[in-house]
Amino acid sequence: MDLILITLSGFFILLGIAGSFLPVIPGPLTSWLGLFILRFSPSIQIENRFLILYFCLALFIFLLDNIIPVLGSKKFGGGRGSTIGSSLG
C-alpha cells in the first residue's frame with residue numbers, strides 16, 4: 001500500500017510541477033494534493049501544520065495567478081474585451 005500511495009503522490013507532485021508551465025493544470029494545488037495523499041502513507045510523517053501552511057500558500061498563489069492578469073490588463077489600458085479575455089484565460 002505504501003508503494004501505491006508514494007507513486008500516486010509522486011505523480012501528482014510531478015503533475016503540479018508541469019502545471020507551473022502549462023496553463024491548463026493548477027500547479028500549486030495539484031502539488032498540494034500529492035502531499036496530502038503522501039500524508040496517508042504510514043512510512044512518511046508529514047505534520048498537519050505543514051499541510052495547512054502549504055495549502056494556504058498554494059491557494060494564495062492560485063488566486064494571484066488568476067487575479068494578476070485581470071489587474072494588469074486594467075492598469076496598462078486594456079479594454080473591456082481584454083479584461084474579459086484575461087480572466088477567462
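Phe62 is located in helix H3, and in this predicted model the residue counts as partly exposed, its relative accessibility being 28%. Apart from neighbours within four places in sequence, Phe62 is in contact with Pro26 and Leu29. Phe62 and Arg49 are separated by 13 residues in sequence, and their C-alpha atoms lie 20 Å apart in space.

The helix that carries Phe62 is one of 4 helices in the protein, which has 0 strands, and the order of elements from the N terminus on is α-α-α-α. With a radius of gyration of 17 Å, well over the 12 Å given by the globule rule for 89 residues, the protein is more spread out than a compact globule. Along the principal axes, the C-alpha atoms fill a box of roughly 55 × 25 × 15 Å. Of the 89 residues, 24% count as buried, and the accessible surface of the protein comes to about 6400 Å², with 76% of that surface belonging to carbon and sulfur atoms. Among the contacts with a separation of 6 or more, 38% are accounted for by residues 24 or more positions apart.

Helix H3 comprises residues 48–75, and its 28 residues should span 40 Å at 1.5 Å a residue; the end C-alpha atoms are 39 Å apart, which agrees with that expectation. Within H3, a kink of about 30° lies at Ile67, shortly before the proline Pro69. The residues Leu51, Ala58, Val70 and Ser73 of this helix are buried, and H3 is followed by Gly77, whose phi is positive, near 85°.

Leu51, which has its place in helix H3, counts as buried because its relative accessibility of 7% falls under the 20% cut-off. When neighbours within four places in sequence are left aside, the contacts of Leu51 are with Trp32, Leu35, Phe36, Arg39 and Ile46. One of these partners, Trp32, is 19 residues from Leu51 in sequence, while the C-alpha atoms of the two residues are 7.8 Å apart in space. Trp32 and Leu35 are themselves among the buried residues of helix H2.

Helix H2 has 12 residues and reaches 17 Å from its first C-alpha to its last, close to the 16 Å expected at 1.5 Å a residue. Its buried residues are Gly27, Thr30, Ser31, Trp32, Gly34, Leu35, Ile37 and Leu38, and these pack against helix H1 (2–19) and H3.

Ser31, which lies in H2 (residues 27–38), illustrates this packing at the level of a single residue. Ser31 is buried, with a relative accessible area of 9%, and, leaving aside neighbours within four places in sequence, is in contact with Phe12, Ile13, Gly16, Ile17 and Tyr54. Pro28 likewise has its place in helix H2, but this residue counts as partly exposed, at 21% relative accessibility. The contacts of Pro28, again without neighbours within four places in sequence, are with Tyr54, Ala58 and Ile61. Tyr54 is thus in contact with Ser31 and also with Pro28, whereas Ala58, another partner of Pro28, is one of the buried residues of H3. Although Pro28 and Ile61 are 33 residues apart along the chain, their C-alpha atoms are separated by 7.2 Å.

Charged side chains were also examined. Side chains of opposite charge can pair when their charged atoms come close. In this model the count comes to 1 salt bridge, in which the side chains of Glu47 and Arg49 meet at 2.9 Å, N to O. The two participants fall into separate accessibility classes: Glu47 counts as partly exposed at 48% relative accessibility, while Arg49 counts as exposed at 64%, the boundary between these classes being 50%.

Definitions and conventions
Residues are numbered from 1 along each chain as its sequence is written. This is a predicted model: local features need pLDDT of at least 70, side-chain atom pairs count only at pLDDT 80 or more; totals for chains, interfaces and linings use all residues. Side-chain values use heavy atoms; hydrogens and water are left out. Helices (H or I, at least four residues) and strands (E, at least two) are DSSP runs, numbered from the N terminus. The radius of gyration is taken over C-alpha atoms; the globule rule is 2.2 Å times the number of residues to the power 0.38. Buried means under 20% relative accessible area, exposed over 50%, partly exposed in between (1.4 Å probe, protein chains only). Contact means heavy atoms within 4.5 Å. Accessible areas come from the Shrake-Rupley method with a 1.4 Å probe; for residues, only the protein chains shown count as cover. The expected span of a helix is 1.5 Å times one less than its number of residues. The bend at a residue is the angle between axes fitted to the seven residues ending there and the seven starting there. A salt bridge is a side-chain nitrogen of Lys or Arg within 4 Å of a carboxyl oxygen of Asp or Glu.
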